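Student: Could you take me closely through one part of this model, the place where its two domains meet, and then show me one buried position elsewhere for contrast?

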Amino acid sequence: MQNHLRRTLLAAGLALTALASMAADYPSRPVTIVIPYPPGGTADSVARPLSVELGKRLGQPVILDYKGGAGGAIATQFVAKSQPDGYTLVMVLAAHAINPSLYKTLPYDSTKDFTPVSMVAKLPLVLYTNPQFGPKTVPELIEYARKNPGQLSFGSAGSGNTSHLAGELFASTAGVKMMHVPYKGGGPSINAAVGGEIPSVFAGPDSLGMARAGRLHPVAVTSLERSPLIPDVPAIAETLKGFEVYGWYGILAPANTPAAVVNKLNAEINATLKSAEFKKMVEPLGYIPTGSTPAEFGSYVQAETRRWAEVIRKADIKLE
């Protein structure tokens with residue numbers, strides 16, 4: 001019995017020594033961040049400056065590997081099955097907390113198969129309307145929807161997208177019925193609003209140029225507070241207390257990644273988010289650098305998963 005205990009303690013000691021050595025040497029080669037969508041999307045706007053500045057701090061290149069498809073599931077599954085050594089990470093978006101309620105089965109467990117590393121950024125959406133549409137404020141839109149149940153339509157970048165769920169949450173919070181019109185991406189949904197095909201749309205601040213040109217009317221933002229990009233535009237929360245929707249971006253590692261490695265990554269990511277170099281690349285686009293501890297990010301993902309599950313259930317959203 002004593003010999004067995006001695007061997008067990010020795011094995012445990014060797015394992016701890018190996019982990020400590022791994023953390024001290026980490027990273028000794030390039031780190032890969034897998035992106036669940038093709039290049040050119042909103043994740044790119046955050047991932048590229050993050051990879052450059054984080055690479056400088058880690059002393060190793062940070063490579064972006066794009067694996068689009070299946071609503072982000074292909075990339076996420078790939079990382080879930082990767083070695084938990086800190087060299088293969090995934091940048092997840094809000095869809096990571098939405099997909100478990102949209103799909104009957106996923107090839108991974110969105111919580112158990114990953115180790116949270118850090119939140120990176122949040123992106124408030126904007127509620128736009130066609131300039132020719134009568135209602136110009138949130139109270140006016142709600143009044144119109146109440147007088148015309150189901151007649152006020154809103155566009156989104158696709159069923160189950162954050163822009164879709166923002167509209168469903170808006171309708172349920174305001175106690176009105178609205179009609180969702182999905183499009184194949186944010187661009188087509190914005191074009192539909194500009195052309196008068198739909199009266200309203202939830203989309204990102206990247207369409208503010210069209211608003212400044214008079215082709216769209218920015219009604220409100222989905223953050224709790226007003227955006228510094230458009231300080232004259234109110235937050236929906238000013239009318240519907242507590243209303244808050246963000247596109248968000250964070251880093252996960254495979255489950256069982258050593259805590260020392262995760263903590264080192266977390267520290268360097270958070271330092272990157274505070275850097276002037278990173279901020280000047282993302283803040284003009286509307287992104288809010290948002291650091292966190294690993295535990296805080298894990299709790300946030302779980303809270304978002306519960307929240308969107310309830311919205312999806314109430315709206316009876318099903319993907320074909």
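**A buried threonine and the domain interface**

Tutor: Apart from residues up to four places away in sequence, Thr129 touches Pro135, Leu141, Pro199, Ser200, Leu216, His217 and Val219. This is a predicted model, and in it Thr129 lies in strand β5, which covers residues 126-129. Thr129 counts as buried because its relative accessibility is 0%, where the cut-off for that word is under 20%.

From that single position we can turn to the domains. The domain assignment of the protein chain gives domain 1 as 30-122 + 247-315, and domain 2 as 126-238. Taken over C-alpha atoms, the centres of domain 1 and domain 2 are separated by 27 Å, and the contact takes 13 residues from domain 1 and 7 residues from domain 2.

The size of an interface is often given as the accessible area lost when the parts come together. For domain 1 and domain 2 the buried area is about 820 Å², and carbon and sulfur atoms give 79% of that area. On the domain 1 side, Ile98, Trp308 and Val311 supply 40% of the area that this domain buries against domain 2, which is more than any other three residues supply.

As for polar features, the rule finds 0 salt bridges across the interface of domain 1 and domain 2, and it likewise finds 0 residue pairs in polar contact there, when both residues are required to have pLDDT 80 or more. Two elements, α4 (95-102) and α11 (294-315), give two or more residues to the side of domain 1 that touches domain 2, and of the elements on that side α11 gives the most, with 5 residues. By residue class, the side of domain 1 that touches domain 2 divides into 9 nonpolar, 2 polar and 2 charged residues.

Helix α4 deserves a separate look. It is mostly covered, with 6 of its 8 residues buried, and these buried residues are Ala95, His96, Ala97, Ile98, Asn99 and Leu102. Ile98 therefore appears in two places in this account, since it is among the buried residues of α4 and, by the definition of buried area as accessible area lost on putting two parts together, also one of the three residues named for domain 1. The buried residues of α4 pack against α3 (73-80), β3 (88-93), β4 (114-124), α6 (162-174), β10 (246-254) and α11.

Definitions and conventions: Residues are numbered from 1 along each chain as its sequence is written. This is a predicted model: local features need pLDDT of at least 70, side-chain atom pairs count only at pLDDT 80 or more; totals for chains, interfaces and linings use all residues. Side-chain values use heavy atoms; hydrogens and water are left out. Domain bounds come from an automatic or database domain assignment. Contact means heavy atoms within 4.5 Å. Buried area is the accessible area (1.4 Å probe) that two parts lose on being put together, summed over both. A salt bridge is a side-chain nitrogen of Lys or Arg within 4 Å of a carboxyl oxygen of Asp or Glu. A polar contact is a pair of N or O atoms within 3.5 Å; within protein, one must be able to donate a hydrogen and the other to accept it, and residues adjacent in sequence count only if both atoms are side-chain atoms. Helices (H or I, at least four residues) and strands (E, at least two) are DSSP runs, numbered from the N terminus. Ala, Val, Leu, Ile, Met, Phe, Trp, Tyr, Cys and Pro count as nonpolar, Asp, Glu, Lys and Arg as charged, and the others, Gly among them, as polar. Buried means under 20% relative accessible area, exposed over 50%, partly exposed in between (1.4 Å probe, protein chains only).
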